[in-house]
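Hi,

Here is the model I promised to pass on. Have a look at it first, and my notes follow underneath.

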Amino acid sequence: MNILVTGGAGFIGSHIVNTYIEAGHSVSVIDNLSSGRLQFLNPKAKFYDMDILDPKITEVLKSEKINAINHHAAQISVSESLTNPLLDANSNIIGTLQLLQSAVSLEVEKFIFASTGGAIYGEQIYFPASEDHPCLPLSPYGISKLSAENYLSFFSKQFGLSTTALRYSNVFGPHQNPQGEAGVVAIFCERLVKDKVPIICGNGEQTRDFISVRDVAQANLIALDHTCTGTFNVATGEETSINSLAECLLRVSSKKIVANHGSSRQGDQRRSVIDYKKFHEGFGWQPEVSLEQGLVETYSFFQNQTT
Ligand SMILES: NC(=O)c1ccc[n+]([C@@H]2O[C@H](COP(=O)([O-])OP(=O)(O)OC[C@H]3O[C@@H](n4cnc5c(N)ncnc54)[C@H](O)[C@@H]3O)[C@@H](O)[C@H]2O)c1
């Protein structure tokens with residue numbers, strides 16, 4: 001297939017690009033490099049330094065004869081979305097809508113969208129959350145992702161576009177930006193390689209569902225199948241507290257450092273854990289990388305970055 005990956009120079013997108021290329025697909029990438037890094041981009045991918053809001057995207061789709069779009073470019077910061085909801089909506093709603101319209105006008109067959117489990121389900125009512133858990137987003141970021149998902153369903157019903165929304169839990173792995181507000185694994189790894197103490201926000205008993213980016217890339221390979229339509233959670237179903245995460249990472253790093261606690265973050269979700277049964281039963285996907293194995297790979301990436 002000829003696949004366009006938006007955000008393909010970013011953390012998750014760069015791994016998807018590698019997986020698609022290894023599977024024999026031709027890949028074009030659109031990325032405005034706002035957080036993406038060219039050094040992470042597979043040299044076999046054709047790169048367009050472009051914003052998803054640029055109307056010239058249709059020309060790229062046409063000239064590259066694109067038949068599948070994998071959409072990962074986004075405004076990803078929850079706190080930025082709280083202070084600037086318009087910017088968030090522009091990128092995450094209007095940007096997605098523009099791509100969907102271009103896809104339909106050029107008869108693209110497949111559209112895969114990076115959605116979010118954590119921010120869409122909000123403070124969970126039951127654990128782990130399945131896809132039919134009420135969507136209770138607590139931020140404009142969660143609202144814009146949910147809105148984009150609704151546009152995907154509309155374009156699927158109205159125009160027959162095969163659409164897939166993948167709701168990720170907390171993704172971690174090599175290439176993640178440690179300067180971001182999320183990405184606790186990347187933040188801790190960067191501090192540890194510099195012999196700095198990791199700071200746990202609050203009492204550390206808040207939980208997350210950590211999924212390796214390698215498993216997420218495999219999910220995006222499966223999602224290319226035209227029968228794989230609808231919304232699917234991509235997660236481990238395992239709940240890990242930030243205290244346990246820090247312990248595991250300290251073990252992996254072999255550093256004689258003890259984590260510290262700082263003030264808790266306002267609006268931080270208490271518990272987040274997501275059920276992947278639907279994707280497993282429908283398409284055989286399941287997480288293969290254990291938390292410890294994923295942390296070994298991530299820590300070693302950060303070590304190599306600084307040497
Ligand atoms: N990291 C997670 O845990 C997680 C969880 C759920 C969902 N997601 C979603 O996965 C996707 C990728 O996230 P990530 O963690 O890899 O972040 P990232 O910031 O590393 O990747 C986003 C990429 O998109 C590019 N980009 C941003 N806005 C753009 C625009 N307007 N036009 C063109 N390019 C643009 C950036 O330069 C970057 O390369 C996002 O849609 C995010 O919402 C991530």
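To start with a side chain: is Arg208 buried or exposed? Arg208 is buried, at a relative accessible area of 11%. Keep in mind that this is a predicted model.

Arg208 also has a charged partner: its side chain meets that of Asp268 in a salt bridge, 3.3 Å from N to O. Arg208 sits in strand S9 and Asp268 in the loop between strand S13 and helix H10, so the pair ties together parts that are 60 residues apart in sequence. Asp268 is partly exposed, at 27%. Add Arg265 and you have a network of salt bridges linking Arg208, Arg265 and Asp268.

The structure has 9 salt bridges. Another one joins Glu149 and Arg167, with the closest N and O atoms 2.7 Å apart. That pair connects helix H6 to strand S6, 18 residues along the chain. Glu149 counts as buried at 6% relative accessibility, and Arg167 does too at 5%.

Now the sheet. It is open, with 7 parallel strands in the order S3-S2-S1-S4-S5-S6-S11. S3 and S11 are the edge strands, and the twist averages 20° from one strand to the next. S1 and S2 pair over 5 bridges, with Val5 facing Val29 of S2 as its bridge partner. Helix H6 lies across S5, S6 and S11, at about 155° to S5.

On the surface, Ile125, Tyr126 and Leu136 make a nonpolar patch of about 270 Å². Ile125 comes from the loop between H5 and H6 and is exposed, at 56%.

Cheers

Conventions:
Residues are numbered from 1 along each chain as its sequence is written. This is a predicted model: local features need pLDDT of at least 70, side-chain atom pairs count only at pLDDT 80 or more; totals for chains, interfaces and linings use all residues. Side-chain values use heavy atoms; hydrogens and water are left out. Two strands pair if DSSP finds at least two bridges between them. Helices (H or I, at least four residues) and strands (E, at least two) are DSSP runs, numbered from the N terminus. Axes are lines fitted to C-alpha atoms, for helices over the stretch in contact, and angles run from 0 to 180 degrees between N-to-C directions. Contact means heavy atoms within 4.5 Å. Patches are made of residues with over 30% relative accessible area and no salt bridge: like charges are joined within 9 Å, nonpolar side chains (Val, Leu, Ile, Met, Phe, Trp, Tyr) within 5 Å. Accessible areas come from the Shrake-Rupley method with a 1.4 Å probe; for residues, only the protein chains shown count as cover. A salt bridge is a side-chain nitrogen of Lys or Arg within 4 Å of a carboxyl oxygen of Asp or Glu. Buried means under 20% relative accessible area, exposed over 50%, partly exposed in between (1.4 Å probe, protein chains only).
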